[in-house]
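Subject: Structure for your review

Dear colleague,

Please find below the structure that I promised to hand over to you. My notes on what was found in it follow, and I would be grateful if you read them with the model open.

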Amino acid sequence: MRIYKDIFTGDEMFSDTYKIKLVDEVLYEVYGKLIQRKEGDIHIDGANPSAEEADEGTDETVSSGVDIVLNHRLCESFAFGDKKSYTSYLKDYMKKLVAKLEETAPEQVDVFKTNMNKVMKDILGRFKELQFFTGESMEIEGMVGLMEYREINGDSVPVMMFFKHGLEEEKF
């Protein structure tokens with residue numbers, strides 16, 4: 001299994017357990033699904049469910065959301081109220097990323113700069129449909145993942161987007 005972590009904060013952003021598509025060599029699209037979890041909800045084969053459900057006096061805690069967000073403890077960010085504030089963040093983040101690439105992978109700088117402009121123009125065109133997520137540390141100086149819902153085969157599917165060059169892969 002591979003975990004993809006933010007190179008600036010070390011926060012887990014996603015893993016390869018999801019369907020992943022690389023767009024223009026710079027953007028990962030990670031396809032999630034909406035799930036619900038009951039706290040402490042563990043089913044063991046062969047257990048007697050009627051005996052375990054005898055305690056009816058407790059309230060169940062249910063969390064629901066996108067599996068990628070829940071599994072990797074991503075935090076929704078409301079820091080970008082308009083396209084202008086997000087664009088400003090993006091320019092600063094891209095400068096940091098290019099500086100990091102020049103140190104670690106100079107051969108990737110041209111690929112990143114060329115393809116990123118095209119990808120970001122497309123994403124900024126859909127700005128109003130996007131949700132923003134930081135890693136568990138909630139550090140806005142790191143990567144802010146994007147999420148939008150897309151109609152795929154008649155279903156509304158949450159698709160998260162992460163910048164490839166802002167991630168490091170860790171194998172487990």
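Which residues of α4 are buried? They are V109, F112, M116, V119, M120, I123 and L124. Before going further, please bear in mind that this is a predicted model, and that every value below was computed from it.

**The chain as a whole**

The protein chain has 172 residues, of which 41% are buried. Its secondary structure consists of four helices and 11 strands. If one takes the contacts between residues at least 6 apart in sequence, 67% of them join residues at least 24 apart.

**Helix α4**

Helix α4 covers residues 109–124, which makes 16 residues. At 1.5 Å a residue the helix should span 22 Å, and the C-alpha atoms at its ends are indeed 22 Å apart, so the expected and computed spans agree. The helix nevertheless has a bend of about 30° at M116, and M116 is also one of its buried residues. What do the buried residues of α4 pack against? Their partners are the strands β3 (19–23), β4, β9 and β10 (155–163), together with helix α3 (83–104).

**The nonpolar core**

The largest nonpolar core contains 44 residues, and F14, Y86, F162 and F163 have the most contacts inside it. Two or more residues of this core come from each of β2 (12–15), β4, α2 (67–71), α3, α4, β8 (131–134), β9 and β10. Helix α3 supplies the largest share, namely eight residues.

F162 deserves a closer look on your screen. Apart from its neighbours within four places in sequence, F162 is in contact with M13, F14, V26, L27, Y28, V30, L74, M143, G145 and L167. F14, one of these partners, is itself among the residues with the most contacts inside the core.

**The charged network**

Side chains of opposite charge can pair when their charged atoms come close. The structure holds nine salt bridges. One of them joins the side chains of R150 and E29, with N and O 2.9 Å apart. R150 belongs to strand β9 and E29 to strand β4 (residues 27–31), so this pair ties together parts that lie 121 residues apart in sequence.

Is E29 buried or exposed? Its relative accessibility is 8%, and E29 therefore counts as buried, the limit for that class being under 20%. Setting aside residues up to four places away in sequence, E29 touches K19, I20, K21, V23, R150, V159, M160 and M161.

R150 also forms a salt bridge with E148, where the closest N and O atoms are 2.7 Å apart. Both R150 and E148 are buried. Salt bridges that share partners join E29, D122, R126, E148 and R150 into one network.

Within this network, the side chains of D122 and R126 meet in a salt bridge of 2.8 Å, N to O. D122 is partly exposed, with a relative accessible area of 46%. R126 is located in the loop between α4 and β8. Which side chain does R126 join through a polar contact of 2.9 Å? The partner is the side chain of E148. Beyond residues up to four places away in sequence, R126 touches E148, R150 and M161.

**Y149 in strand β9**

The last residue I would ask you to inspect is Y149, which lies in strand β9 (residues 145–152). Its relative accessibility is 38%, so Y149 counts as partly exposed. How far apart are the C-alpha atoms of Y149 and Q131? The separation is 9.4 Å, and the two residues are 18 residues apart along the chain. Y149 and Q131 nevertheless touch each other. The other residues that Y149 touches, not counting those up to four places away in sequence, are L34, V66, S156, V157 and P158.

**Where to begin**

I suggest that you start with α4 and its bend at M116, then turn to the core around F14, Y86, F162 and F163, and finish with the network that includes E29 and R150.

Yours sincerely,
A colleague

Definitions and conventions. Residues are numbered from 1 along each chain as its sequence is written. This is a predicted model: local features need pLDDT of at least 70, side-chain atom pairs count only at pLDDT 80 or more; totals for chains, interfaces and linings use all residues. Side-chain values use heavy atoms; hydrogens and water are left out. Buried means under 20% relative accessible area, exposed over 50%, partly exposed in between (1.4 Å probe, protein chains only). Contact means heavy atoms within 4.5 Å. A salt bridge is a side-chain nitrogen of Lys or Arg within 4 Å of a carboxyl oxygen of Asp or Glu. The expected span of a helix is 1.5 Å times one less than its number of residues. The bend at a residue is the angle between axes fitted to the seven residues ending there and the seven starting there. A nonpolar core is a set of buried Ala, Val, Leu, Ile, Met, Phe, Trp, Tyr and Cys residues joined through side-chain atoms within 4.5 Å. A polar contact is a pair of N or O atoms within 3.5 Å; within protein, one must be able to donate a hydrogen and the other to accept it, and residues adjacent in sequence count only if both atoms are side-chain atoms.
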